[in-house]
Amino acid sequence: MQLIADSGSTKVDWRAIKDDGSIVEISTEGINPVFITPEEIVKILSQKLLPVIGPGVKNVYFYGAGVVSPQLIATLSESFKKVFPESETFAASDVLAAARALCGHNPGIACIMGTGSNSCFYDGENIAKNVRAGGFILGDEASGGVLGKKLISDFIKGLLPAHIQAEFDKRYDLDYMKVVEKVYKQPMPSRFLASFAPFINEFIADPYMENLVNTSFDEFFKRNISQYDYKNHTVNFVGSIAFYFKDKLVAAAERNGMKVGRVLKTPIEGLVEYHKGII
């Protein structure tokens with residue numbers, strides 16, 4: 001049996017590919033080795049995963065946030081060995097997950113555009129070039145976090161159009177001090193900011209929202225994708241922002257002389273195709 005994981009800090013999407021080709025789908029709480037202990041990893045695996053899929057896991061392919069060093073990869077491998085003693089573990093970043101899910105064994109430009117954003121040029125096997133993401137303060141152009149940051153910045157400065165302001169006030173119990181508290185004092189500020197992406201999408205036909213999104217997408221292509229060989233390769237995406245704003249994304253790519261290829265909401269199904277040898 002092969003076990004594939006697409007992990008964030010809050011949730012893991014698992015796919016167990018059994019020897020007969022059938023697939024079992026499971027979700028558990030997130031496994032980020034930067035933030036949780038090996039004991040907590042083993043607890044999740046043994047209590048949430050093992051009872052559903054049973055023993056017999058031979059290969060684990062774990063992709064996710066927090067896979068940033070050989071030491072953390074070793075931690076993951078040791079944890080899986082304790083629950084699935086016959087398994088061999090491969091662990092890699094969410095960027096490689098996106099590249100494999102989107103491009104398979106073919107070269108291409110692969111991007112993440114969800115709460116955060118990232119990109120790479122993938123040579124068909126490895127990440128050959130990666131423009132640093134920078135996080136929602138220094139980069140992450142066009143991510144949910146940055147779209148929300150732009151909206152909330154206009155909110156606190158009184159720059160929202162009156163009709164958008166009125167609708168915003170109906171939906172959210174926020175003022176300047178509450179925003180400062182959530183962004184500067186509470187954990188996961190990018191997740192708070194990204195939570196406004198559905199509101200932005202709901203009013204995307206409004207000129208204000210359209211401009212906010214269009215300028216953000218233009219920034220993503222100009223500051224990131226222009227550094228890759230985009231003239232000979234399509235630009236492919238995973239992530240909720242790319243998926244739900246696809247029309248605007250495609251239009252922005254065309255404005256910048258680029259072409260969008262595959263767009264997936266999440267990488268997990270593409271990873272299953274990759275590890276089954278379909279792509």
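Is Ala-142 buried or exposed? Keep that one in mind for a moment. One caveat before the answer: this is a predicted model.

So, Ala-142. Its relative accessibility is 0%, so Ala-142 counts as buried. The cut-off for that label is under 20%. Where is Ala-142? In the loop between α4 and α5. Look at the backbone there. Phi of Ala-142 is near 70°, a positive value in a residue that is not glycine. As background, most residues other than glycine have a negative phi.

Ala-142 has company. Asp-140 sits in the loop between α4, residues 135-138, and α5. Phi of Asp-140 is positive too, near 55°, and again the residue is not glycine. Is Asp-140 buried or exposed? At 9% relative accessibility, Asp-140 is counted as buried. If you check backbone torsions, there are your two entries for this loop: Asp-140 near 55° and Ala-142 near 70°.

Move on to the helix that follows the loop. Helix α5 covers residues 144-156, and it packs against helix α6, residues 162-171. The angle is about 100°, and the axes are 12 Å apart. That angle makes α5 roughly perpendicular to α6, because values from 65 to 115 degrees fall in that class. Which residues make the contact? From α5, take Leu-151, Ile-152 and Phe-155. From α6, take Gln-165, Phe-168 and Asp-169. By type, the contact of α5 with α6 has four nonpolar residues, one polar and one charged.

Next, helix α10. It runs over residues 207-223, which is 17 residues. Does the geometry add up? Here is the check. At 1.5 Å a residue, α10 should span 24 Å. The end C-alpha atoms of α10 are 24 Å apart, so the two agree.

What caps the N-terminal end of α10? Asp-206 does. A side-chain oxygen of Asp-206 lies 2.9 Å from the backbone nitrogen of Tyr-208.

Now burial along α10. The buried residues include Tyr-208, Met-209, Leu-212 and Val-213. Asn-214, Ser-216, Phe-217 and Asp-218 are also among them. Phe-220 and Phe-221 complete the set. Keep the helical repeat in mind: with 3.6 residues a turn, residues three or four places apart point the same way.

Glu-210 is also in α10. Its relative accessible area is 29%, so Glu-210 is partly exposed. What does Glu-210 touch, leaving out residues up to four places away in sequence? Ile-204 and Lys-248. The Lys-248 pair deserves a look. The side chains of Glu-210 and Lys-248 are joined by a polar contact of 2.6 Å. In sequence the two are 38 residues apart, and C-alpha to C-alpha they are 8.5 Å apart.

After α10 comes Asn-224, in the loop between α10 and β9, residues 235-238. Asn-224 has 5% relative accessibility, so it counts as buried. Beyond four places in sequence, Asn-224 touches Ser-119, Val-131, Arg-132, Glu-141 and Glu-219.

Now the strands. Ser-7 is in strand β1, residues 2-7. At 5% relative accessibility, Ser-7 counts as buried. Where does its side chain reach? To the backbone oxygen of Ile-31, at 2.9 Å. Ser-7 and Gly-30 are 23 residues apart in sequence, with C-alpha atoms 6.0 Å apart. Not counting residues up to four places away, Ser-7 touches Val-12, Gly-30, Ile-31, Phe-62, Tyr-63, Gly-64 and Ala-65.

Strand β2, residues 11-17, holds Asp-13. At 11% relative accessibility, Asp-13 is also counted as buried. The side chain of Asp-13 makes a polar contact of 3.3 Å with the side chain of Ser-27. Setting aside neighbours within four places, Asp-13 contacts Ile-4, Ala-5, Asp-6, Ile-26, Ser-27 and Ile-268.

Last stop: Ile-278, in the segment after α13, residues 268-275. Is Ile-278 buried or exposed? At 57% relative accessibility, Ile-278 counts as exposed. Its C-alpha atom is separated by 9.9 Å from that of His-105, and the two residues are 173 apart along the chain.

That is the tour. Questions, please.

Definitions and conventions:
Residues numbered from 1 in each chain as written. Predicted model: local features only at pLDDT ≥ 70, side-chain atom pairs only at ≥ 80, totals over all residues. Heavy atoms only, no water. Helix = DSSP H or I, 4+ residues; strand = E, 2+ residues; numbered from the N terminus. Expected span 1.5 Å × (residues − 1). Buried < 20%, exposed > 50% of the residue type's maximum accessible area, 1.4 Å probe, protein only. Polar contact = N/O pair within 3.5 Å; in protein donor to acceptor, adjacent residues only side chain to side chain. Axes fitted to C-alpha atoms, helices over the stretch in contact; angles between N-to-C directions. Parallel < 35°, antiparallel > 145°, perpendicular 65-115°, else oblique. Contact = heavy atoms within 4.5 Å. Nonpolar A, V, L, I, M, F, W, Y, C, P; charged D, E, K, R; others polar.
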